[in-house]
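Trainee: I'm new to this structure. Could we walk through it together, one question at a time?

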Amino acid sequence: MTAPDASPVRVSTTLQVTAALALGIPAMASAAILIRLAQGAGVPSMVIAAGRLVLSALLLTPLAYRASLAPIRSLRPRTFWLVVASGLILALHFTLWIGALEYVSVIIGVMLINSSPVWVALFEAVLLRAWPKPLVLAGIVLVLASSALMALTAAPGTGLGSNPLLGGALAAVGAVAAAAYLIIGRWVKDDLPLMSYLWLAYGCSAVAGAVVLLIFRLPVTGYLPVGYLWVALLAIIPHLIGHSTMNFALRHFSATYVSVATQLVPIIAALAAIFVFHEVPRLPQIVGAVGVVCGITLATLGQIERRAA
């Protein structure tokens with residue numbers, strides 16, 4: 001085995017990516033809190049989702065427009081449509097995730113929505129036609145069992161959501177959508193610079209969000225000013241800062257490392273919800289949350305074992 005490259009450039013890149021993770025993880029953890037605050041201000045979930053997507057795309061446009069046109073125009077049709085698909089899937093992810101928080105507590109919602117590494121492992125097993133390694137299977141079973149424990153023991157009236165089963169289901173499907181988005185991002189990362197990829201994907205997701213509002217005839221005006229503030233912060237902090245830094249980290253660090261690191265996101269969000277909303281989890285939810293984090297970590301580490309085999 002050769003010694004790792006310790007050149008100044010390599011060290012500088014490692015420090016940059018580490019700093020990006022240190023900034024991006026708390027930024028992503030703020031999403032659930034900001035979503036719940038916007039919902040509390042009377043903004044419908046679909047309007048929150050569309051507002052987040054449209055504002056993020058608009059804010060990114062001045063930074064990405066000139067540098068992105070040429071790379072996007074040179075894309076092969078297959079790659080272009082993959083990025084478009086990733087944007088549509090991203091819109092689905094946020095719509096489901098934000099809707100889930102209407103019905104379920106923050107701790108259950110964030111644990112389930114952050115289970116995407118498990119679904120990535122399942123997708124890769126299907127796409128590569130390779131049966132998952134025992135560690136991956138153990139992680140998947142642990143996540144599913146722990147998720148069921150959290151949702152089934154969180155009955156309405158316990159302070160853990162008005163309909164925990166529905167909210168948990170929406171968050172779980174949102175995690176599946178996130179996994180598909182991540183896989184497509186890996187497929188196209190060598191064909192498109194990061195900023196160009198983000199701008200095209202975010203733009204497509206913004207269009208999808210706007211179309212949803214038109215279909216359901218939801219107004220975008222008439223809400224409390226503080227509701228618009230929370231939506232704007234949602235677009236800036238967890239979306240532009242959080243998701244963009246995670247995409248940056250994936251360009252330089254392994255997906256396994258990033259996936260394990262992002263398990264801090266639900267933990268930070270759940271702790272914040274205790275102080276902001278006084279959502280104190282019951283013992284089954286605490287046990288289930290620990291099980292989800294451990295299962296995701298097992299499944300992620302199992303991916304290393306499979307690739308090394």
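Trainee: Leaving aside neighbours within four places in sequence, which residues is Trp97 in contact with?

Mentor: Good place to begin, and keep in mind that this is a predicted model. Neighbours within four places in sequence are set aside here. What remains in contact with Trp97 is Ala32, Ile35, Gly109, Val110 and Ile113.

Trainee: Which residues touch the most other members of the largest nonpolar core?

Mentor: That core has 61 residues. We have just met one of the two residues asked for, since Trp97 is among them. The full answer is Trp97 and Tyr202.

Trainee: How many residues are in the second, separate core?

Mentor: This core stands apart from the one we just discussed. Its members include Ala100, Met111, Val143 and Ala171. The number of residues is 19.

Trainee: How many residues of helix α4 are buried?

Mentor: Helix α4 covers residues 106-113. Its buried residues include Gly109, Val110 and Ile113, which are also contacts of Trp97. The helix is largely enclosed by the rest of the structure, because the buried count is 8 of the 8 residues.

Trainee: Is Ser30 buried or exposed?

Mentor: Ser30 is found in helix α1, residues 8-40. Leaving aside neighbours within four places in sequence, Ser30 is in contact with Ile237 and Pro238. Its relative accessibility is 18%. Buried means under 20%, so Ser30 counts as buried.

Trainee: Where is Arg217, the residue with a positive phi although it is not a glycine?

Mentor: Most residues other than glycine have a negative phi. Arg217, though, has a phi of about 55°, and at 76% relative accessibility it counts as exposed. Its place is in the loop between α8 (194-216) and α9 (225-252).

Trainee: What is the phi of His278?

Mentor: His278 lies in the loop between α11 (264-277) and α12 (283-308). At 65% relative accessibility, His278 counts as exposed. Although His278 is not a glycine, its phi is positive, at about 60°.

Trainee: How many disulfides does a search of the whole structure find?

Mentor: Let's look at two cysteines on the way. Cys204 has 15% relative accessibility and counts as buried, whereas Cys294, at 38%, counts as partly exposed. For the whole structure, the number of disulfides found is 0.

How values were computed. Residues are numbered from 1 along each chain as its sequence is written. This is a predicted model: local features need pLDDT of at least 70, side-chain atom pairs count only at pLDDT 80 or more; totals for chains, interfaces and linings use all residues. Side-chain values use heavy atoms; hydrogens and water are left out. A disulfide is a pair of cysteine sulfur atoms within 2.5 Å. Buried means under 20% relative accessible area, exposed over 50%, partly exposed in between (1.4 Å probe, protein chains only). Helices (H or I, at least four residues) and strands (E, at least two) are DSSP runs, numbered from the N terminus. Contact means heavy atoms within 4.5 Å. A nonpolar core is a set of buried Ala, Val, Leu, Ile, Met, Phe, Trp, Tyr and Cys residues joined through side-chain atoms within 4.5 Å.
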